[in-house]
Amino acid sequence: MTTAKFITFEGIDGAGKSSQIARCGAWLQARGIDFVHTREPGGTPLGEKLRELLLHEDMHLETEAMLMFAARREHLAALIEPALARGTWVVSDRFSDATFAYQVGGRGLDADKFRRLEQWVHPDRQPDLTFLFDLDPAIAAQRLAGTGQAPDRFEREQADFFARVRAAYLARATADPTRFCVIDATGTPEAIGARLEDTLRERFGS
Ligand SMILES: Nc1ncnc2c1ncn2[C@@H]1O[C@H](COP(=O)(O)OP(=O)(O)OP(=O)(O)O)[C@@H](O)[C@H]1O
Ligand SMILES: Cc1cn([C@H]2C[C@H](O)[C@@H](COP(=O)(O)O)O2)c(=O)[nH]c1=O
């Protein structure tokens, strides 16, 4: 049996990652690969309660960052590590890269504090593959407006915030090109899906 893989999807709000996670799931299913689709913040009963607070309650920026890691600690203990241990692949809508992009890049918090927190929370675990959906914040904002849904605390942020988040994501991808696959999210859903499937084949075989 091949070792179960941990795949994450990242990008600014509205970049289109949720739409492509379904395609990744279909690709795995077609190959008979057992997987679980999860998300951050969230993925566990406690994590989902923390998500509600994080997306809708005002709080100190360091409280926000630490709650992201608290939800992640629970997620790793209750879902991610047990799934990988029993041979189930994990496909997560966001993981720690999001904290470095949003809380460090976007909010301007100290990266070193969160590197230490990352070492504490998951010293031996990183995703095997991270898809980064890269998109101009102006286009992402238009896409989000088109959904007609009320924006949450993060989605209400301005273009300059998302420009910093995007830059932080791209810097992380540049620092770890083996783990990251950067996808130009301006393409059609079909073109993006084809690129995604090519990468899955290259990394994990057909
Ligand atoms: N390639 C694309 N071209 C045009 N529109 C797209 C594309 N991909 C997704 N969309 C649309 O953009 C909107 C946001 O897509 P989606 O929810 O997948 O983004 P997301 O990155 O998961 O956002 P969030 O992080 O806020 O959940 C949806 O209305 C979706 O239909
Ligand atoms: C994990 C994580 C998430 N966020 C932000 C990013 C998004 O705006 C929301 C999650 O909602 P989505 O449906 O995935 O878009 O939370 C963050 O700021 N920091 C994090 O670590």
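For this presentation, Ala, Val, Leu, Ile, Met, Phe, Trp, Tyr, Cys and Pro count as nonpolar, Asp, Glu, Lys and Arg as charged, and the others, Gly among them, as polar. A residue is near a molecule if its C-beta atom, placed from the backbone, lies within 6 Å of it.

Good morning. The structure under discussion is a predicted model, in which local features need pLDDT of at least 70 and side-chain atom pairs count only at pLDDT 80 or more, while totals for chains, interfaces and linings use all residues. Residues are numbered from 1 along each chain as its sequence is written, and chains are lettered from A and ligands numbered from 1 in the order in which they are written.

I begin with the ligands. Which residues surround ligand 2? They are Asp13, Glu40, Pro41, Met68, Asp93, Arg94, Ala98, Thr99, Tyr102, Gln103 and Phe154. In terms of class, five of the shell residues are nonpolar, two are polar and four are charged. Helix 4 (residues 96-106) contributes the most to this shell, namely four residues. Helices here are DSSP runs of H or I with at least four residues, strands are runs of E with at least two, and both are numbered from the N terminus.

Ligand 1 has 15 residues around it, of which Asp13, Gly16, Ser18, Ser19 and Arg143 come nearest. Two or more residues of this shell come from each of helix 1 (17-30), helix 6 (137-147) and helix 8 (189-204). The classes here are three nonpolar, nine polar and three charged residues. Asp13 thus appears around ligand 1 and also around ligand 2.

I turn next to the record. In an unreviewed entry, UniProt places the feature "binding site" at Gly11, Ile12, Asp13, Gly14, Ala15, Gly16, Lys17 and Ser18. UniProt positions are given in the numbering used here, feature names are shortened, and annotations may be inferred rather than shown by experiment.

Let us consider two residues of that site. Is Ala15 buried or exposed? A residue is buried if 20 or more other C-beta atoms lie within 10 Å of its own, exposed if 12 or fewer, and partly exposed in between, with C-beta atoms placed from the backbone. Ala15 has 28 C-beta neighbours inside 10 Å and therefore counts as buried. This residue is in the loop between strand 1 and helix 1. Not counting residues up to four places away in sequence, Ala15 touches Phe133, Leu135, Ala140 and Ala185; a contact requires C-beta atoms, placed from the backbone, within 7 Å. Ser18, by comparison, belongs to helix 1 and counts as partly exposed because 13 C-beta neighbours lie inside 10 Å.

The next topic is the sheet. Strands of a sheet pair through backbone hydrogen bonds, either parallel or antiparallel. In this model, five strands form an open sheet in the order 2-3-1-4-5, with parallel pairing; two strands pair if DSSP finds at least two bridges between them. Strand 2 (35-39) and strand 5 (180-184) are at the edges with a single partner strand each, so one side of each has no neighbour in the sheet. From one strand to the next, the twist averages 20°. Axes are lines fitted to C-alpha atoms, for helices over the stretch in contact, and angles run from 0 to 180 degrees between N-to-C directions.

Strand 2 and strand 3 (residues 89-93) run parallel, joined by five bridges, and Phe35 stands opposite Trp89. Helix 3 (residues 61-85) packs on the sheet, where it touches strand 1 (6-11), strand 2 and strand 3, and its direction makes about 150° with that of strand 3.

Strand 1 pairs with strand 3 over four parallel bridges and with strand 4 (residues 129-134) over five. Phe6 stands opposite Val90 in strand 3, and the bridge partner of Thr8 in strand 4 is Thr130. In a regular strand the side chains alternate between the two faces of the sheet. Both faces of strand 1 are covered, with Phe6, Thr8 and Glu10 buried on one side and Ile7, Phe9 and Gly11 on the other.

I close with strand 5, which contains Ile183. Ile183 counts as buried because it has 24 C-beta neighbours inside 10 Å. Its contacts beyond four places in sequence include Phe131, Leu132 and Phe133. Ile183 and Phe9 are 174 residues apart in sequence, yet 10 Å apart in space from C-alpha to C-alpha.

Methods. Contact = placed C-beta atoms within 7 Å.
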